[in-house]
Structure formats: structure tokens, C-alpha cells
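Hello,

I am passing a structure on to you and thought a few notes might help you find your way around. Please open it first, then read on.

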Amino acid sequence: DIAMTTCIPAGRGTLHYRVTDYKGRSCSKTAWVSDVSIKSYLQKDLSWSKRVSNSKVLQIHRCEFSVPALCKNRKLFKVISSSKKDGTTKYFDFAVIGSGIAGLRYALEVAKYGTVAVITKAEPHECNTNYAQGGVSAVLHPSDSVESHMKDTIVAGAYLCDEESVRVVCTEGPERVRELIAMGASFDHGEDGNLHLAREGGHSHNRIVHAADMTGKEIERALLKEVINNPNIFVFQHHFAIDLLTCQDGSDITCLGVDTLNTETLEVVRFLSKATLLASGGAGHIYPKTTNPLVATGDGIAMAHRAQAVISNMEFVQFHPTALADEGLPIKPTKPRDNAFLISEAVRGDGGILYNLAMERFMPSYDERAELAPRDVVARSIDDQLKKHDEKYVLLDISHKPKTEILTHFPNIASTCLQYGLDITRNPIPVVPAAHYMCGGVHAGLQGETNVKGLYVAGEVACTGLHGANRLASNSLLEALVFARRAVQPSVDQMKSSSLDLNASNFWPRPTVPLSLGSNAKDKILSATQELRKELQTIMFYYVGIVRSTVRLETAERKIDSLEAKWEEYLFRHGWKPTMVVPEICEMRNLFCCAKLVVSSALSRHESRGLHYIVDFPHLEESERLPTIIFPSSPLNSTWSSRQLQKQPMYQ
């Protein structure tokens, strides 16, 4: 198994590339190449992408046809999409998968040009944005500068960031924040009447715009209000995205929409669209403890990988250093949480101090920036303390600050802790690292474009090059805003230039709901899947956590392959068909897919950089300062989780 690098020119010529075998060993080679289907879109991007992880040379097996130009009449298109004559197929100009800050901001812009379907897995507000406490970083103070914000981002990203992407985000960010304010988002102001700008780890200036410690919730509220009032936007809640609908025309792969499962009616609903934005968030639930909501199971990254999109930098999983440790609370929660409660970075930015259980302050001995060091440093330091002292959590103390200040800045954290008998104005908060943010994702250009025509990405599902090897605090909401806005123009151009065949719905076989399965067999399958999900999360926690080693990563790879084979065998032995869909099974496919992408990426990086710390290679290596690229694998010989449902080989 080999993979070629990202730097693939269109046409023929000499190509310098790196080959990485299955175990991540690499060497440099030169070869002649002819036209390949990852074309001009990568020309810019591949300046920051010259490296590969374990995947195969690109081979694409897709339906070979051109989409007939039958639907040129814009009025006809809108009437069809609005009248919804066929309940199981819906036609829209734009499909948006995800209802967080990226999806909603994009929907509001493209709605000026056509009809928009916003497809969301649960309630529209149930997304990572809603859980973002800290805020949005932007240069809004006269003493701050774009150059300073750029420098902070690049330093935190361990010099793996794409400088062009960083410049774009830091330059355009302030205007995007002003647009939110104009839409009605209400942020905190100081006594002087100006925006109150907070400071967080890794930032050299106060530049975090926030709404107390519930910033994401406030932004989501403002955007949802606008979306609901927009007559061109249709929100489909409780629609689980199963797989993207793609076809191949010559060397181009084109995305024409998405299959979904209405989880309330158990009906498969097909959305056909001229442009699709993937804004489905991260994959925190590949780990047992995560700050992400239950919906964050890597669906978008896995769907894009199956649709032959290029994936990048998956080894860089950010663990938030300070999630609430239930074990240390005076009153224990009665049942396990779906997701860990986040104790915002801003608590440390506001003067919070970390202690071990012996009340020894430890951060200054790890880094001169102490509690204000970037997240990767703080998370590793806490991890080291826990292992040294065999403890389950450390303590974060803000109680030395005035009570009114604590309650004003952190009302949500204070009230949540109080429910469990902890008064944060008087006592320290028990905290532990938890999986928080995926810096890698679907490889995106400066306008959110991917190598799949008609497919754009924004938010956590994307890898734009902004975060490099470690995300700077509060840059995620900013990136989502900037790239959602940047994806608008190419999406509109794509929509205007493309036609949609009204018969296109029949081009792909439809996924099916397992009505033919007896309830006993279905219950067994779902129960086994739930157990195996926990097993997968445990493997990721123990072998692919904050501190890694080659042996542990190889062990994880073997265990995950074995677990997936066991799961597939169990399903199909109990009568499951490859095209059947229920949410729990779809999520499990996606979790397996994302977990394998993380492990293979981690194995290919032979250095410690940012969030990827590996004991075998404890230092930075300048020769390794290249993003990891995962090419699409051949559908042949791949596992069920790596193939699109409508492209499944038939099981006997």
C-alpha cells in the first residue's frame, strides 16, 4: 500500500513526492505522472500540502455519466423545490449539512440567490457552536494588529499553518464580527461602552469578543432567528445525513446532493442540489470523554472521505485541558453525561490557576507562559501530573478573584457547578482534559472548495490550514464565519452554471430502512453496536490520546481493524444488508472511518508537533513541517465504513 503526495500538477511532468507505506515509513522519490483527477483546485493548497499518510494511490470507481442539462429554468427549479411534490426527493439550489455557525451564516448569504435546504441531525441549535463558551477572536482594539493575531495563530499552530489562510482569516475576521452584531448578536461591553475584549491562552492581546461564557449560544440564537424569518431557507431537523451523492464525469467528481434519514418518520429523504456545503462539525465522540454534543460523530469527514474528497491533518486532535471532572464534584451526577462540561479557556485567561491535589501550582515548571500557554502544552502538563500522582483530575482555582467579577464573567459555569454543590467563588474546580476540537478535516482551499466539484466545506469539518498543528483559542468560530462567507461566491457561480436533471434522483439506488429485520435481530445488532462503540472509544483513549507512541498507535490500528471486522461480520450474520440505515449504525460507520483516519495520520508523522506528541520522536523536525494528506482509498477491498452506501458490493 502506497500513497503519493499532494503536489500533483495537472498534465504531465516530473513530480517530487513522498511514499509512505502502511507502517508510516517514508522516503522521497521522483516519478512521471499524467493527468489525475485532483486538479487545479489543489494548485494553491498544495503549497502547504506535500505529505501523505497511509492511503492508496487515487483510484476512483464511480458512475460514469454526464449530468444532462434538463433543468435550466430557474423558476421551474424553485417551484419544484418549494412544492415538495415528491416527499422522498427534494430539489434545492443549495444544500447545507449542519446548522452551526458556518452552516447558518452561509445559508443566509446564498438564500439571496436561490432556495436553501438546511439539513440538521437533531434540533437546529444542537451543534458545537452552541457549546462554545469563550468567544470569537478578532482584531478590534487600536493597540492590536492583524500581524499580531497572525503571529499568535502561527506560533500556536507550531508553524504548520498555511500563512495565506491565516492572513485571510485575521484580516477579514473583524468585519465578520461586525456583521454578527448588525444581525442582532449581543456581546458584552465594558463600562466605557466599547466591546469587552477578553484574553485567552496563546493570545498576546485582549481580542476575544464574548457574551459572558455563552458566546456560541448567543451567536446561534441570532443566526437561527434570521434563518427562520428567511422565506428562501427551509430547515429540515432530525434528518441524519447518510452519504453524499456523487458521480464522475471524465476526471471530475461532482457532488449532486445528499441522502438523509428522517429519524422521526424513519423515511429516507434524498436532497438534490446544485451546490452543497458540508458544515457538520467535528468527531469528538471517537473518544469516551469529549466536550462535543452527541451529534459530533465525524459524519461529515467520513462522508467526504467516502465521496473521494481529500482529508488532511487528522492526527491533530485538540484536547481541551479543562473539562469539568465529575469525580471531583461534591455531589456526583446521577447518570453519565453525554458530553463533558467545558470550563472555558477564559477562566485561565482571567487569572485562574492550576493546582494538583496537593495544592501545588505546576504550570510554571512546564512553560514560562504558565496557565496562559497554548492548549496543547496545558493538556500535556495536566496529563503528566495525573500520571505522576496517579490522580483522576487537577484543580482550577479562580476563587481569589472578586465574587461579582466571577459571576459576571462566568455565570453559566458558576450555576452548573453550583448544581453539584460547588461554589466556584470559594472553591477550586476539578478539571480533566477532554477531546474538544478536530484541527484536521476535509482539505479546503481559500474559498472553502474541495477537490469534489460542487462540494464546499466550512467550520470544524474543514481543514483550511488556519490551525496548523494546534488551534489557537477562539479561532474556531472566527474561521467558520470567514470561510462560510468565502464559500458563497463560488457556490453561487456553481449553482448558476450547473443544471440539475429532474430524473437525477434515480441515478443512485436508495438506502433502505431495515423493516424486513425482525425486532429481535435489530435489537441484538443495536445492542452489540453500542458495546463496540464504547470499545472503540476506549481504544482511542488509551492508545491515541494526548501522549502517543508508535507501538501504541500500531496496537490501536490492529485493534480497530479487528473490532470493525467483528462488527461487520456480526451485522451481516444477523441479516443486515449493506444498504440498510439506522442512525446508530450510520454513526458507527463514521466513527470507525474517522478513528482510522486519525491513527493512520498519526503513524505517518515522525515528529512531535503541536497536538501530536509521540515519545519515539519527541522533537520538532523541520523536514516534517508539512501537512498530512490522506488521498481517497480505492473502494475495492475497503471496509464497509469507507464505501458509499449506494456503491456497496452485494453481500451473499
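Below is what I found in it, beginning with one strand and its neighbours.

Please keep in mind that this is a predicted model.

A good place to begin is strand E11, which spans residues 267-278. This strand is mostly covered, with 11 of its 12 residues buried.

Which strands pair with E11? One of them is E3, residues 89-97, which lies parallel to E11 and is joined to it by 8 bridges. If you would like a spot to look at in this pairing, find Phe94, whose bridge partner in E11 is Ala275.

Strand E10, residues 252-262, is another partner, but here the two strands run antiparallel, with 6 bridges between them. In this pairing, Val268 of E11 has Leu261 opposite. E10 and E11 together make a hairpin, and 4 residues separate the two strands. Have a look at Leu266 in that turn: its phi is positive, at about 55 degrees.

E11 also pairs with E18, a strand made of residues 455-457. These two run parallel and share 3 bridges. Here Thr276 sits opposite Leu455 of E18.

Finally, there is a stretch elsewhere in the chain to look at. An unreviewed UniProt entry annotates residues 546-573 as a "coiled-coil region". In the model, that span is 86% helix and 7% strand. The C-alpha atoms at its two ends are 37 Å apart.

I hope this gives you a friendly start. Enjoy exploring!

Best wishes

Conventions
Residues are numbered from 1 along each chain as its sequence is written. This is a predicted model: local features need pLDDT of at least 70, side-chain atom pairs count only at pLDDT 80 or more; totals for chains, interfaces and linings use all residues. Side-chain values use heavy atoms; hydrogens and water are left out. UniProt positions are given in the numbering used here, feature names are shortened, and annotations may be inferred rather than shown by experiment. Buried means under 20% relative accessible area, exposed over 50%, partly exposed in between (1.4 Å probe, protein chains only). Two strands pair if DSSP finds at least two bridges between them.
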